[in-house]
Amino acid sequence: MYKTEIRGPLILGNKTLGQISDEITSPIYQRPKMWWLIGMGISSVMMLLGFWAIYVTIATGIGSWGVNNTVGWGWAIINFVWWIGIGHAGTAFSIFLLILRQEWRSSVNRAAEAMTVVAVGCAAIFPALHMGRIWDAFFIFPYPNTRGPLWVNYNSPLFWDFIAISAYLLISASFWFLGMIPDFATIRDTTKSKVKKAVYGFFAMGWRGSSGEWKRYEGLAFVLGGIAAVLVVSVHSIVSTDFAVSIEPGWHTTLFPPYFVVGAIFSGFAMVMTLMVIIRKFYKLNDFITDRHLDNVAKILVYISLIMGTAYLTEVFIAWYSANEYELFTFFRNRITGEYTFQFWAMFVCNALIPQLMWFKKIRRNINIVFVISLFINIGMWYERFNIVVTSLAKDYLPSAWASYTPTFVEISVFLGTLGIFAFGVLLFFKYIPMIAIHEVKMVNKFKVNKKR
Amino acid sequence: MKNDKQHIIGVFDGEETLVNAFRELKKEKIEISDVFTPFPIHEVLEGHGRKSNIITLSWFFGLFAALAVLSFLYYTAVVDWPLNYGGKPSSAFPSFIVITIVLTIFSVTILSLFTFSVRAKLWPNIEKPIYHDGATDDKFVILFDKDKVDEGKLKKLLKDLGATEIIEK
C-alpha cells in the first residue's frame, strides 16, 4: 500500500472527483491555443517534407539515399532503432511500474503510451522504405503463395523483427485504447456538445462503469499487462539480434540484447520526461504531474545512465580483453579515436556523463535543466545508434571495401518527416484525448496526507 | 423497456459512503442489481460476487496460439517446402521460439480483447441505458430492481446510509 506520510500525496490540491474530470478534460473544450496551432503548422510542414522524401525514395529507389555497398544501413536503420527505443517507454511505464506497484505512474502512463504508438508507427516507416521495392512488401507475410509456395525464412532476425514490430504496434495501441474506454465514457457523460457526445460515445462503446465491466476490465488489464511485460524485453532484444547475429566487428556480441533493451527504456523515459515538461508548461497540470513525478523519472534516468555507461565500458573492455584485431580496430581505432571519434564521444558524454548531473536534488528539481538533459539523452541515443550502425559497416574486415557514408537530403528529410509525424500525433493527442488516465488518477486521489477515514 | 420506472437508483457522493452502504445493504439481504462507479472499487467488486474467467481463458488462448504457431512453422518450414539455408536443419526449433513467443502474445491480446468486448458487452453503437450521468464522473450509483426489493424500506435505508439522491427510473 502506498504510504502518503512518507512519500507525499500523488495528486496535489485536495481535488474532488468532479474537479479531476474537469481539469483533465479541459483542453478538449478549450479553443486551440496559439502555440498549439504553430506546432501543428510546423509539424505539418515537416510531414509534407517527409512525404516528398518518401515519394522520391519510392519513385527513384534507394539510390536517392547515401547508402552504398559497404554501408548498406544508414540513417534509415539508425532512425528505426531510435524510434523503436523511444516507443518502449509507454509499455515500460505502464507495465513495469504496474508490476512494481508504483502508483505514481497513473499520471504519466497515458501520455507515455500515446508516445509509444506514434513512435512505433514512425519506426515502421523506415524498414518498409528500406526494402526498396515497397510494393513487394507483402512478400514478408507467410501465406500460401504462387511463388513455390515459398515460405519466409524463420531463422532470420529480420523476419522476427517484422513480426515483433507489427505485433508491438498493435498490442500497444490496443492497450492504450483499452485504458481510454472509461475516460471516453466520462467525456460522453460530462460534455454538453452533441458532436462530442456522439464521437466520444462511439469510442466509449457503451461503457457505464458497472461492477461487471470493471471486474472484466481489471482482469483484461492484468492479462495484457502481464504478457506485454514480456514484449518490452523481447521486442528490442529482437531488434538487437538484427545486429548481433551477423558477424560484423562491434555487432557480434552477446551483450547486445540487454544493452539494447536498457538503451530503449533510457531514450523512452527521456522522451517521456520531455513530454511531461511540455504538458506541465502548456496545460498547467502541475497538480497531476507534480515535481515528484519528474523527480522519480529523473532518478530512473540516472540509474539507467549508469547501466548505459557500464555497457559502453564493457564493450570496450571485452574488445581489448579478446585481443581480436578487428574488435580492437573497431573500438579503439575507429570509434574512440579515428574517423568516428565525434559520434562515439557524443554518445558517451550525452548518455553516460550528462545524466549523472541528476544525482543532485537541486538539478532534479529544476525543470529547465531536466528538460535540457532529457533532450541531450535523446541526441546521445541517436548517436549511439549511428555509432553501432555506421562505424562497424564502414570499416570491417577488408580494407579495400572500406567506404564512408554521408546521408543525402532525401534521407534527412525522411527523418524530419517522422519527427513531424510524431509531433503532429502527439499534438492531436494533447487536444482530443484526455492526456492523463482519469479513472486511474481518481483511484489514487484518495492517498492524501492526514486523511480522515 | 417494458414499462417505465422499474428501477430505484441510490446515488452516493463518496467512495466510503458507497462501500459502507454496500456492506449494510448486503447485511440487510437487499438484492443489488448493479453498481456503477467512476473507478474500480474492490470491496464492491468482490462483495458483489462478480466473477470473470478472462484470466483463465487467456491462458487457454495462449496455449492454443503457441501450439498453432509452432505447428504452422513446422508445417511450412519442414513439411511443405524445406529450404536449405547453408546446410542448417530445417526444423530449427530454437529460432522458432522467438516468433512463437511474439505471436502468442499477439494472439492472446487480440482474443482476450474480443472476449472482453463480448462478455462486458462493449462495442461501438451499443444501446445501453445510462442510469446516471455522474457514474463515470464523480457519483457512485447503486441500482435496484423494483420487483425484487421492498420499496419503502429501501428508500428509508438509502437515506440513512447517506445517499444524496434517490431516483426512480
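Modeller: A pair of helices counts as roughly parallel at angles under 35 degrees, roughly antiparallel over 145, roughly perpendicular from 65 to 115, and oblique for the rest. This is a predicted model, in which local features need pLDDT of at least 70 and side-chain atom pairs count only at pLDDT 80 or more, while totals for chains, interfaces and linings use all residues. Residues are numbered from 1 along each chain as its sequence is written, and chains are lettered from A and ligands numbered from 1 in the order in which they are written.

Biologist: At what angle do helix 6 and helix 8 of chain A pack?

Modeller: Two packed helices are described by the angle between their axes and the distance between the axes. Here helix 6 (residues 157-190) and helix 8 (residues 211-244) of chain A (DSSP runs of H or I, at least four residues, numbered from the N terminus) pack at about 150°, with their axes (lines fitted to C-alpha atoms over the stretch in contact, with angles from 0 to 180 degrees between N-to-C directions) 9 Å apart. The two helices are therefore roughly antiparallel.

Biologist: Which residues make the contact?

Modeller: Two residues are in contact if their C-beta atoms, placed from the backbone, lie within 7 Å. Among them are A:Trp160, A:Tyr168 and A:Phe175 of helix 6, and A:Leu224, A:Leu231 and A:Ile238 of helix 8. The residues of this contact divide into 16 nonpolar (Ala, Val, Leu, Ile, Met, Phe, Trp, Tyr, Cys and Pro), 2 charged (Asp, Glu, Lys and Arg) and 2 polar (the others, Gly among them).

Biologist: How many residues of chain A are in contact with chain B?

Modeller: 53 residues of chain A are in contact with 53 of chain B. Helix 8 of chain A gives the most to the side of chain A that touches chain B, with 17 residues. That side of chain A divides into 28 nonpolar, 17 polar and 8 charged residues.
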